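Trainee: I would like to understand how the descriptive words for a structure are earned. Could we go through one together, setting each value against its cut-off?

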Amino acid sequence: MIALQVLKTRLVSSLTTIPTKSQWLQVMGITFTTTSVTGILATATNFINPMEHFDPPSRTTTTTTTKSTSQQRQKLQKQQQREELKRKRGEEKKQQVEERKAQRLAIKVAKKKQQEEQKLEKHKRLQQAQQKMGKFATQEIAVLVHPTFFLQLTTQKKYGDKVKELIQNLQEAYSVQPYDVKSGSSSNDANSSLSFDGGIPIQWIRKDYVKGGAKDALQALQCKESHRYQHLHRLVIVFEDPSKFIKLLQRPHEDDDYPKLETYLDKVLFQWKLDWDIPSSSTTDTKPSIILLLHQVADEVHRQWNAHAKSKDNRRSSASSGVVTTTAAPVSDAELHDAICFMLVQHQIECLLYDTMEEIIDFITKMTRALSEKPYQQQVTELECIKKIKADNTLAEQDLIAKANDCWVRQLQQLPRMSENFAFNLAQHYATPRQLWNAYQDPNLSEGEKRGLVSSIIQDGRENRKMSDTLYRFMTSSDVKELL
């Protein structure tokens with residue numbers, strides 16, 4: 001007890017005071033003693049087994065640390081693998097989303113493109129259908145006018161506002177181009193080479209609307225690409241000054257065939273082929289259809305004859321004074337009409353006489369319209385000339401007998417002088433052509449009785465033997481050219 005009291009006192013003092021060297025030694029001795037005693041007692045009582053429970057601290061710490069580091073490394077590797085796998089999956093998923101998005105976008109674009117192509121194709125088919133009906137006829141033809149023609153008509157006051165209005169209407173309805181074919185450009189040059197000795201040429205070109213129309217045809221003409229447009233072989237020559245045409249009719253003898261006029265026509269044909277690059281040795285198929293529009297030519301003939309009569313009176317007065325002068329007689333009305341017939345018969349050239357320039361412009365407009373609509377005009381057949389008899393629409397669809405009877409009535413009406421009442425009365429007795437044919441084949445009837453078989457049937461209360469005879473000959477005659 002004393003020892004424990006002393007130990008307690010020393011422990012308390014050691015906690016409150018700084019131990020000296022001797023005190024340190026004492027503490028060490030006490031610690032060693034107590035530890036040894038405790039170990040011996042624990043071993044003696046089998047509380048611990050030194051062979052089993054002995055584990056050096058350094059080895060346990062090293063093994064634990066190694067295992068912990070390896071586990072952490074494996075855990076970190078697994079975590080990195082999971083993150084890498086997650087990242088790859090994310091990228092693959094993102095790539096798949098982008099691919100699906102790109103595919104949807106591509107499908108959408110392709111579908112939109114297909115819809116646009118279908119829309120364009122539908123619009124093209126609609127335009128082609130409308131073109132076949134002639135809906136764009138006015139936009140397919142272009143009028144080639146000599147540059148000086150409309151310029152003279154609109155600037156000269158003698159023609160008035162009516163001519164200007166007609167020219168404006170023509171230009172609004174069609175593509176009118178001042179064009180000099182020889183020079184190959186739009187020009188207002190009054191000295192153009194295409195003026196046929198006072199005659200002003202007018203020509204036409206065209207192109208289908210779906211291929212570009214008149215505008216593209218004019219561009220092709222400017223570029224001299226003749227394969228891109230259709231040149232219509234029509235040539236209209238307007239003689240605004242009638243005296244220039246009358247000069248062509250002058251001839252030295254009355255028996256001559258207008259040599260000046262023939263020379264002029266040959267020059268026109270040569271110039272036309274030259275302008276359109278047509279060989280002069282080509283066949284007559286390339287010869288244009290020429291029409292001459294003569295402005296106030298008859299009035300000019302009368303005026304010249306009046307002037308000639310006045311000059312004749314002057315010559316008589318001068319002859320009485322001793323001065324004799326002679327002048328040739330002007331062209332007469334008979335010579336004018338003879339020259340017109342000569343051109344029509346010999347050269348197939350038509351001449352039209354007009355009193356006003358308004359009529360000439362109106363003719364050009366109408367001819368342009370006719371040329372534009374010509375490709376879409378259908379030739380009239382004989383079937384379209386026959387009067388069409390409408391069927392009876394009140395008949396039931398299942399009533400085939402009534403339909404056949406109605407057809408037989410309409411067939412009978414095709415005969416001359418066979419009215420609807422006559423046909424209906426005959427169909428009441430002979431419902432089909434077969435029944436009427438069998439009646440005509442009856443051997444007990446004579447030829448005369450057969451000819452008058454239906455005379456009392458066709459017309460109520462009267463005999464119509466003429467119509468009956470016509471029907472008999474129609475049903476039995478073998479002569480296809482027999483007149484009914």
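Mentor: Gladly, and keep in mind that this is a predicted model. Let us begin with helix α6, whose buried residues are covered by elements that include α5 (147-155), β2 (175-178) and α12.

Trainee: Which residues of α6 are the buried ones?

Mentor: They are Val163, Leu166, Ile167 and Leu170, and on the other side of the helix Asp161 and Glu172 are exposed. The word buried is kept for residues under 20% relative accessible area, and exposed for those over 50%.

Trainee: How do you know that the buried residues of α6 line one face of the helix?

Mentor: Looking down the axis of α6, one finds its buried residues within an arc of 95°, and therefore they line one face. The general background is that an α-helix has 3.6 residues a turn, so residues three or four places apart point the same way.

Trainee: What makes the length of α6 close to the expected one?

Mentor: The helix has 14 residues and spans 21 Å from its first C-alpha to its last, which is close to the 20 Å expected at 1.5 Å a residue.

Trainee: Why is α6 called roughly parallel to α12?

Mentor: The axes of α6 (residues 160-173) and α12 (residues 357-373) come within 9 Å and cross at roughly 10°. Angles under 35 degrees count as roughly parallel, and so α6 is described as roughly parallel to α12. On the α6 side the contact is made by Lys162, Val163, Leu166, Ile167 and Leu170, and on the α12 side by Met357, Glu358, Ile361, Ile364, Thr365 and Thr368. Sorted by class, this contact has 7 nonpolar, 2 polar and 2 charged residues.

Trainee: And what makes α16 and α19 roughly perpendicular to each other?

Mentor: Helix α16 (residues 433-440) and helix α19 (residues 465-476) pack at an angle of about 95°, with their axes 11 Å apart. The range for roughly perpendicular is 65 to 115 degrees, and therefore the term applies to α16 and α19. Their contact is formed by Pro433, Leu436, Trp437 and Tyr440 of α16 together with Ser468, Leu471, Tyr472, Met475 and Thr476 of α19. By class, the residues of this contact divide into 7 nonpolar, 2 polar and no charged.

Trainee: Turning to the loops, why does Tyr258 count as buried?

Mentor: Its relative accessibility is 1%, and the cut-off for buried is under 20%, so Tyr258 counts as buried. Tyr258 sits in the loop between α8 (242-248) and α9 (259-275), and it has a positive phi of about 50° although it is not a glycine. As background, most residues other than glycine have a negative phi.

Trainee: Why is Gln296 called partly exposed?

Mentor: Gln296 has a relative accessible area of 32%, and partly exposed covers what lies between the 20% and 50% limits, so that is the term for Gln296. Gln296 belongs to the loop between β5 (289-295) and α10 (297-320), and its phi is positive, about 55°, although it is not a glycine.

Trainee: How do you know that Glu240 counts as buried?

Mentor: Glu240, in the loop between β4 (230-239) and α8, has 12% relative accessibility and therefore counts as buried, the limit being under 20%. Leaving aside neighbours within four places in sequence, Glu240 is in contact with Gln152, Leu153, Gln156, Tyr159, Ile200, His295 and Met357.

Conventions
Residues are numbered from 1 along each chain as its sequence is written. This is a predicted model: local features need pLDDT of at least 70, side-chain atom pairs count only at pLDDT 80 or more; totals for chains, interfaces and linings use all residues. Side-chain values use heavy atoms; hydrogens and water are left out. Axes are lines fitted to C-alpha atoms, for helices over the stretch in contact, and angles run from 0 to 180 degrees between N-to-C directions. Helices (H or I, at least four residues) and strands (E, at least two) are DSSP runs, numbered from the N terminus. Angles under 35 degrees count as roughly parallel, over 145 as roughly antiparallel, 65 to 115 as roughly perpendicular and the rest as oblique. Contact means heavy atoms within 4.5 Å. Ala, Val, Leu, Ile, Met, Phe, Trp, Tyr, Cys and Pro count as nonpolar, Asp, Glu, Lys and Arg as charged, and the others, Gly among them, as polar. The expected span of a helix is 1.5 Å times one less than its number of residues. Buried means under 20% relative accessible area, exposed over 50%, partly exposed in between (1.4 Å probe, protein chains only). The arc is that of the directions from the helix axis to the C-beta atoms.
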